[in-house]
Amino acid sequence: MRNFSGKIFSGELDQLQDSFYLTQVKNLQTASNLSESKLMQLNQYLSNQGESCMITINDQMPILLQEKEVEELLVDLASIMDALKTS
């Protein structure tokens with residue numbers, strides 16, 4: 001596994017499983033395993049949002065992302081998906 005630290009997401013890339021183990025969203029700790037298809041779904045969802053959007057971590061903690069944070073998360077997701085593809 002390889003560490004990843006972006007502006008919004010931090011975690012570990014598991015290139016053998018084509019997944020990302022999410023450990024932090026902004027400065028909140030979490031533990032979620034995101035498959036490549038889930039990463040793509042999240043990317044599509046964020047791409048279709050307006051100025052801000054709400055995401056939840058651990059299915060219980062809502063986090064409001066402002067427009068700039070949505071853009072930063074899209075960059076993080078692109079980096080994560082690129083890293084998984086180049087394994």
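**Exercise 1. The sheet**

Which residue in strand 3 does L13 stand opposite? Work out the sheet around this pair.

*Solution.* Before starting, note that this is a predicted model, in which local features need pLDDT of at least 70 and side-chain atom pairs count only at pLDDT 80 or more, while totals for chains, interfaces and linings use all residues. Residues are numbered from 1 along each chain as its sequence is written, and side-chain values use heavy atoms, with hydrogens and water left out.

Step 1. Find the partner: L13 stands opposite F20 in strand 3. Strands here are DSSP runs of E with at least two residues, helices are runs of H or I with at least four residues, and both are numbered from the N terminus.

Step 2. Look at the pairing. Strand 2 and strand 3 run antiparallel and are joined by 6 bridges; two strands count as paired if DSSP finds at least two bridges between them. As background, strands of a sheet pair through backbone hydrogen bonds, either parallel or antiparallel.

Step 3. Turn to strand 1. It is joined to strand 2 by 4 bridges, again antiparallel, and L13 is the bridge partner of R2. Strand 1 and strand 2 form a hairpin with 3 residues between them.

Step 4. Assemble the sheet. The 4 strands form an open sheet in the order 1-2-3-4, with antiparallel pairing. Strand 1 (2–5) and strand 4 are the edge strands, since each pairs on one side only. On average, neighbouring strands of this sheet are turned by 20 degrees against each other, direction ignored.

**Exercise 2. Two helices on the sheet**

Which strands of the sheet does helix 1 touch, and which does helix 2 touch?

*Solution.* Step 1. Take the sheet contacts, where contact means heavy atoms within 4.5 Å. Helix 1 packs on the sheet and touches strand 2, strand 3 and strand 4; its direction makes about 110 degrees with that of strand 4. Helix 2 also packs on the sheet, touching strand 1, strand 2 and strand 3, and its direction makes about 10 degrees with that of strand 2. For these angles, axes are lines fitted to C-alpha atoms, for helices over the stretch in contact, and the angles run from 0 to 180 degrees between N-to-C directions.

Step 2. Check the length of helix 2. The expected span is 1.5 Å times one less than the number of residues. For the 19 residues of helix 2 that should give 27 Å, and the end C-alpha atoms are 27 Å apart, which agrees.

Step 3. List what is buried (under 20% relative accessible area; exposed is over 50%, partly exposed lies in between; 1.4 Å probe, protein chains only). In helix 1, the residues L39, L42 and L46 are buried. They lie on the same side of helix 1, because they cover an arc of only 65 degrees around the axis; the arc is that of the directions from the helix axis to the C-beta atoms. In helix 2, the buried residues include V70, L73, L77 and I80.

Step 4. Ask what covers them. The buried residues of helix 1 pack against partners that include strand 5 (53–57) and helix 2 (67–85). Those of helix 2 are covered by elements including helix 1, strand 5 and strand 6 (61–65).

**Exercise 3. Charged pairs**

How many salt bridges does the structure hold? Locate each one.

*Solution.* Step 1. Recall that side chains of opposite charge can pair when their charged atoms come close. The criterion is a side-chain nitrogen of Lys or Arg within 4 Å of a carboxyl oxygen of Asp or Glu, and the structure holds 2 such salt bridges.

Step 2. One of them joins K26 and E69, at 2.8 Å from N to O. This pair links distant parts of the chain: K26 sits in the loop between strand 3 and strand 4, and E69 in helix 2, 43 residues apart. K26 is partly exposed because its relative accessibility is 31%, whereas E69 counts as buried at 17%. K26 also has a positive phi, near 55 degrees, in a residue other than glycine.

Step 3. E72 forms a salt bridge with K68, with the closest N and O atoms 3.4 Å apart. Both lie in helix 2, 4 residues apart, about one turn of the helix. E72 is buried at 18%, while K68 counts as exposed at 55%.

Step 4. Finish with K7, in the loop between strand 1 and strand 2. K7 is exposed at 64% and touches E72 and D76, not counting residues up to four places away in sequence.
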